[in-house]
Every structure is written in C-alpha cells, then in structure tokens.
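Colleague: Could you take a close look at how the nonpolar core is put together in this one? I'd like one connected account rather than a list.

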Amino acid sequence: MPKLGTADAVFYRRWIVANGWSEAAGLGTTFVLGRALVPWLEQVTGTVAVLLGALAAVLLGTLLEGVLVGVAQEAVLRDRLASLRKRTWMLATAAGAAFAWLLGMIPNTVLALRPQDAAASPLAEPSALIQYALAAALGLVAGPVLGFAQWTVLRRHVARAAWWLWANAAAWAVGMPLIFLGMEYVPWTGPSAATLLAIYGVCGAVGLVVGAIHGRFLVELVRPRRS
C-alpha cells in the first residue's frame, strides 16, 4: 500500500480512535451487562435459560456494539463520503453486528442444548492454542458477515468496495483471538472496579487493533481520486 499523506494519516488515526472507544463502550458494556445477567439466568433452567442467554447476547451486541461502532465510524467516514446519508452506516453496522453475534452464539447454544448423558465423561477443554485458532477462524468468518451490510452501503460510493469484506476478515481474524486472550487476564474474582476496567481496556485495545487493520484498507478505498 502507498505511503499515507497528511490528510490520509489524519483520517486513519481518527478511524482507529473511533473504533477503539466505540468497541470499549459497546462491546465492553455488552460483556458487563451479560455478566450481570448470569445470576438471573441461573435461576431459569433448561432450554429456556440457554435460549434466553443467547437472545440477550445477540440483542446487547446489536444495540450496544453495533449501534455505537456504527455511530463512531459514520462520524469519521462522512468526512470522506459527503454523500453518505445519515444513519445508513450505523444501521448497516447494527444489522451486521446482529448477524455476526447470531453466528457466534450458534456453536455454544447448540452444545448447551445437547442432551447430557450423566454416565458420559465431560468433554475435555481444548488447549489454548486450539482455542485461539478456532477464535481466529470464527473472526475470519464473522468479519465479512459483520462487514457485508456495510459493503452494501459502501459500494454505492467507492470502487472496489468488495475489498471491505476482506479487510474485515483480516481484522477480526486478529481481533477475535485477542478478545479470548485478553479475557484470560481479566481479574474475574477481584474487585469490581478492577474487573470493569480490565473488560473495557481489553475491548478498547481490540477495537484499536481491528480499526488499524481494516482502516488501512478503508483509506485506500475512500481516498479522493485525482482527475
């Protein structure tokens, strides 16, 4: 990719920061509220509890992460795409987040709904390396799912908009394992303030990394073309 000029560098930095704070606020609060719902969900047993937990995750991910990230990204993107209609990017991001969260919740939900054999030995937990590899694979798939609705908006304004799908695949193939890795260091049994700070810090850091990766592609896509 060519070297960034001053205007491109400013746009790129703003994009990274926007993704950092919005993932911290959106994804971080999704995790915090999800954790707060656990005691309530534990009072509900069986299939209902599993389905309610999955539904809560999808709704929180859509309304918090999807909306906040969409608002933050749109505020930066409109500097380059003046014809971008207000809220179209935000709505597309929320729709993409809904599908991505739905996709991400399917494996755990299916496993949780599987009939349990009391005589059978519990499944061994995979090694950390395998977990991170699976997280990267999930990100590789969920990234384009998240970015597809955004692509339907972006393609009306720029050429080669399909690169945005690859950009999201690359970004979330890195970002998803970082979420899993970062959550390993959250002091879940420590003081509440430390736990909250760690959750928001991890999500913010992931947002910065993800924004840096797909943002570099975006700079090339929305760079004004010389006539």
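Modeller: Here's a walk through the core, followed by a few things outside it. Keep in mind that this is a predicted model.

The largest nonpolar core has 24 residues, and the ones with the most contacts inside it are L77, W89, L154, W164, L218 and V222. The helices share the job: α1 (6-42), α2, α3, α4, α5 and α6 (192-222) each put in at least two residues. The largest share, five residues, comes from α1. L218 is a good place to zoom in. Setting aside neighbours within four places in sequence, L218 is in contact with F11, W15, L77, L154 and W164. There's also a second, separate core, this one of 23 residues, with L27, V32, V202 and C203 among them.

In soluble globular proteins, nonpolar side chains tend to be buried together. Still, some nonpolar side chains here sit on the surface: V48, L52, L55, L59 and L63 make a nonpolar patch of about 450 Å². Of these, V48 is found in helix α2 and is partly exposed, with a relative accessible area of 48%.

Two loop residues are worth a glance as well. Most residues other than glycine have a negative phi. R87, in the loop between α2 (46-77) and α3 (88-113), has a positive phi near 75°, and R87 is exposed at 54% relative accessible area. R160 lies in the loop between α4 (128-154) and α5 (163-183); its phi is positive too, near 60°, and R160 is partly exposed at 48%.

Methods:
Residues numbered from 1 in each chain as written. Predicted model: local features only at pLDDT ≥ 70, side-chain atom pairs only at ≥ 80, totals over all residues. Heavy atoms only, no water. Helix = DSSP H or I, 4+ residues; strand = E, 2+ residues; numbered from the N terminus. Buried < 20%, exposed > 50% of the residue type's maximum accessible area, 1.4 Å probe, protein only. Patch = residues over 30% accessible without salt bridge, like charges linked within 9 Å, V, L, I, M, F, W, Y side chains within 5 Å. Areas by Shrake-Rupley, 256 points an atom, 1.4 Å probe, with all protein chains shown as cover. Salt bridge = Lys/Arg side-chain N within 4 Å of Asp/Glu carboxyl O. Core = buried A, V, L, I, M, F, W, Y, C linked by side-chain atoms within 4.5 Å. Contact = heavy atoms within 4.5 Å.
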